[in-house]
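The exercises below are meant to be worked with the sequence and the model side by side. Each task is followed by a solution that goes step by step.

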Amino acid sequence: MGSFGAMRVILTTVITGLLIPFSSAAPQQLSTTPPVQILGFADINYVETDRDIDEGFFLGQLVGHVSAGLSERVTLFNEVSVTARPDRYRIEVERLFLRYDFSDWLKVSGGRYHTPISYWNTAFHHGLWLQTTARRPEMIKFGTKLQPVHFVGLQIEGAFPTTPLGLAYAAGVGNGRAEDIGRAGDSGDVNNHRAWLVNVFSRPLAIPYLRIGAAAYGDRATTDDDIEFDETIVSFHAVWLREDPEVAVEYARIAHEPRSDGETFDSDAYYVQVAYRLPGRGSPFKPYVRFEEVDVPDDDPLFAPFDLDYEGVVAGLRIDFTTLAALKVEYRSEEFETNERFGSLYVQASLAFGQTGGTVPAMESVTGVRP
Amino acid sequence: MKSWRPRWPKRCMLLAVLSLAALLWTGSAFAQTSGAIAIVTHPDTRVDDVTFLELRKIFLGEQQFWSDRTRVILLVRAPVAYERDVVLNRIYQMREAQFRQYWVAKVFRAEVSSGPKIVYSTDMARQLLAALPGAVAFVAARDVSPEMKVLRINGKLPGDSDYPLQ
């Protein structure tokens with residue numbers, strides 16, 4: 001059998017292996033195994049800007065999310081995005097991990113994640129409908145070089161939800177940044193030095209809408225001319241998880257310390273976002289404002305080529321015209337590396353979809369009858 | 001000569017029957033829209049008493065395991081049921097749309113493996129409670145049957161004064 005035949009056998013085995021759990025789980029409606037659930041997100045955008053970039057209509061991302069229980073305690077999570085590019089559509093596996101839930105306080109998983117060193121990164125993923133604003137903060141935007149948005153490796157996490165502090169944690173070890181430092185090491189660790197992360201946050205029982213937390217991340221990063229740096233990221237967040245008002249604050253410091261002697265470079269980034277869902281008949285409307293800044297030393301060898309300095313003010317209005325769809329109209333005043341300020345208008349329609357009938361797929365009746 | 005008999009006794013009887021029917025109908029309608037809600041579990045669940053805050057964490061999908069590490073399986077009545085209105089109002093403190101949005105976000109964030117299972121009647125809840133270890137549901141207190149285990153909330157049972165889901 002040639003290499004093509006061997007490949008076909010492997011592929012068939014893998015695909016069959018993936019399908020068997022679904023096909024065998026489907027008829028077992030009275031099982032304690034979590035059912036397969038599919039959610040989708042999409043966004044359509046219109047942009048007018050002073051910046052020297054393309055304007056007009058943009059298809060954003062079409063995002064599919066599947067969670068599939070393979071047994072009562074084992075679940076596969078998968079998020080795939082399709083993004084419109086000038087010459088093609090790019091398909092990307094954003095998240096793919098298999099998790100074993102021992103208990104509330106210990107869940108072990110392996111795969112590709114959104115790095116849990118930023119609140120925003122794990123609260124909204126690629127579901128733009130979930131987030132109040134049209135776009136992510138600059139410090140954690142998709143494709144940023146500033147912080148690793150994705151993480152490939154192993155993770156343990158857990159929560160103690162009924163303790164007074166309502167503590168939760170996550171810790172992981174993985175590949176760290178790829179050669180392109182804006183990407184995760186999907187196909188191995190480029191410098192054979194694993195990255196690590198720790199994340200702790202609290203949701204106190206007595207103040208149920210407050211979440212405060214901190215995270216740390218360490219890796220070894222390499223410049224194009226093979227200079228190695230120890231990278232340490234420390235971040236903090238405080239969030240008020242209501243909409244009247246909604247408040248989110250995040251800060252991150254990214255330190256690059258050369259492996260050989262030399263100066264350490266510290267970059268800082270933060271955002272402060274406030275929104276308020278209007279009461280009564282105005283409840284579909286949520287005005288919001290965000291201040292944000294990214295400050296990177298000009299001589300940081302790892303970041304300097306990417307012109308990451310940024311300062312922005314965002315003001316907008318979110319209109320939830322139906323349960324799972326929203327229109328966002330957003331004005332952005334932004335200053336980039338050149339110290340020149342630009343104005344932009346973003347209009348975005350974003351939505352989530354699952355099954356029709358007023359319930360999410362998670363709520364499919366155990367009888368198999370959809371409401 | 002044509003005998004004359006007064007018609008009023010017949011009319012009175014008809015009126016009385018209609019009134020009684022109306023009373024019974026309104027009474028049953030009232031029974032559907034009032035009364036305490038009991039939190040019931042699979043009989044083997046090793047929990048007897050929870051605080052109201054713990055109950056919220058369970059129904060919000062934040063506490064996903066019982067103390068014996070059995071997975072919590074939430075059974076939630078379909079929209080329109082009176083019991084659902086009470087639970088959304090008191091436990092979730094959400095409107096219907098917010099409830100739906102909450103679970104879309106929760107599932108998407110991988111914070112839960114699945115959302116609540118929908119049940120369409122008390123009978124269905126009763127059958128599933130018996131069949132699924134770890135299941136927890138809410139039913140009108142008058143519909144509690146012997147095979148259901150009723151949880152105390154803050155030490156109170158349905159009917160006690162200060163029971164939170166009256």
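**Exercise 1. The two chains in outline**

What percentage of the 166 residues of chain B count as buried? Compile the corresponding outline for chain A as well.

Solution. The model is a predicted one, and the values that follow are computed from it. In chain B, 39% of the 166 residues count as buried. The secondary structure of chain B comprises 5 helices and 7 strands, which follow one another along the sequence in the pattern α-β-β-α-β-α-α-β-α-β-β-β. If contacts in chain B are restricted to residues at least 6 apart in sequence, 65% of them join residues at least 24 apart.

Turning to chain A, one finds 2 helices and 16 strands, and of its 371 residues 37% are buried. Of the contacts in chain A with a separation of 6 or more, 51% are between residues 24 or more positions apart.

**Exercise 2. The sheet of chain B**

Establish the strand order of the open sheet in chain B, and determine which strands stand at its edges.

Solution. The sheet has 5 strands in the order E4-E3-E5-E1-E6, and its pairing is mixed. Strand E4 (117–119) and strand E6 (149–150) of chain B each have a single partner strand and so stand at the edges, with one side of each left without a neighbour in the sheet.

The next step is to examine the pairing of E3(B) with E4(B), which run parallel and are joined by 3 bridges. Within E4(B), Val119(B) is the residue that stands opposite Arg77(B). H3(B) packs on the sheet, where it touches E1, E3 and E5 of chain B, and the direction of H3(B) makes about 115 degrees with that of E5(B).

**Exercise 3. A helix and the core of chain B**

Which residues of helix H2 (residues 52–59) of chain B are buried, and which elements give two or more residues to the largest nonpolar core?

Solution. The buried residues of H2(B) are Leu55(B), Arg56(B), Lys57(B), Ile58(B) and Phe59(B). They pack against several elements of chain B, including strand E1 (37–41), strand E3 (73–77), helix H3 (82–92) and strand E5 (135–140). Just after the helix, Gly61(B) takes a positive phi of about 75 degrees.

The largest nonpolar core has 34 residues, and those that touch the most other members are Ile39(B), Leu75(B), Leu129(B), Ala135(B), Val136(B) and Ala137(B). Two or more residues each come from E1, H2, E3, H3, E4, helix H5 (122–131) and E5 of chain B, with E5(B) giving the most, 6 residues. As a worked case, take Ala135(B): when its neighbours within four places in sequence are left aside, Ala135(B) is in contact with Thr41(B), His42(B), Ile73(B), Leu75(B), Leu128(B) and Leu129(B). Apart from this core lies another, of 33 residues, among them Ile117(A), Trp120(A), Met139(A) and Ala252(A).

**Exercise 4. A strand of chain A with two faces**

Sort the residues of strand E12 (residues 265–275) of chain A by face, and then trace the pairing of E12(A) with E11(A) and E13(A).

Solution. The covered face of E12(A) holds Phe265(A), Ser267(A), Ala269(A), Tyr271(A), Gln273(A) and Ala275(A), whereas the uncovered face holds Asp266(A), Asp268(A), Tyr270(A), Val272(A) and Val274(A).

E12(A) pairs with strand E11 (residues 246–258) of chain A in the antiparallel sense over 11 bridges, and Ala269(A) of the covered face has Ala252(A) opposite. The hairpin of E11(A) and E12(A) has 6 residues between the strands, and Gly262(A) in that hairpin takes a positive phi near 150 degrees. The pairing of E12(A) with strand E13 (residues 285–295) of chain A is also antiparallel, with 8 bridges, and here Asp268(A) stands opposite Asp295(A).

**Exercise 5. Where the chains meet**

How many residues of chain A are in contact with chain B, and what classes do they belong to?

Solution. The contact involves 36 residues of chain A and 33 residues of chain B. Among the elements that give two or more residues to this side of chain A are strand E1 (37–49), strand E4 (89–103) and helix H2 (119–123) of chain A, while E2(A) gives the most, with 3 residues. By class, this side of chain A has 17 nonpolar, 16 polar and 3 charged residues.

**Exercise 6. One glycine**

Is Gly56(A) buried or exposed?

Solution. Gly56(A) is placed in strand E2 of chain A. Inside 10 Å there are 8 C-beta neighbours, and Gly56(A) therefore counts as exposed. The C-alpha atom of Gly56(A) is separated by 8.2 Å from that of Asn45(A), which is 11 residues away along the chain.

Key. Residues are numbered from 1 along each chain as its sequence is written. Chains are lettered from A and ligands numbered from 1 in the order in which they are written. This is a predicted model: local features need pLDDT of at least 70, side-chain atom pairs count only at pLDDT 80 or more; totals for chains, interfaces and linings use all residues. A residue is buried if 20 or more other C-beta atoms lie within 10 Å of its own, exposed if 12 or fewer, and partly exposed in between; C-beta atoms are placed from the backbone. Helices (H or I, at least four residues) and strands (E, at least two) are DSSP runs, numbered from the N terminus. Two residues are in contact if their C-beta atoms, placed from the backbone, lie within 7 Å. Ala, Val, Leu, Ile, Met, Phe, Trp, Tyr, Cys and Pro count as nonpolar, Asp, Glu, Lys and Arg as charged, and the others, Gly among them, as polar. Two strands pair if DSSP finds at least two bridges between them. Axes are lines fitted to C-alpha atoms, for helices over the stretch in contact, and angles run from 0 to 180 degrees between N-to-C directions. A nonpolar core is a set of buried Ala, Val, Leu, Ile, Met, Phe, Trp, Tyr and Cys residues joined through C-beta atoms within 7 Å.
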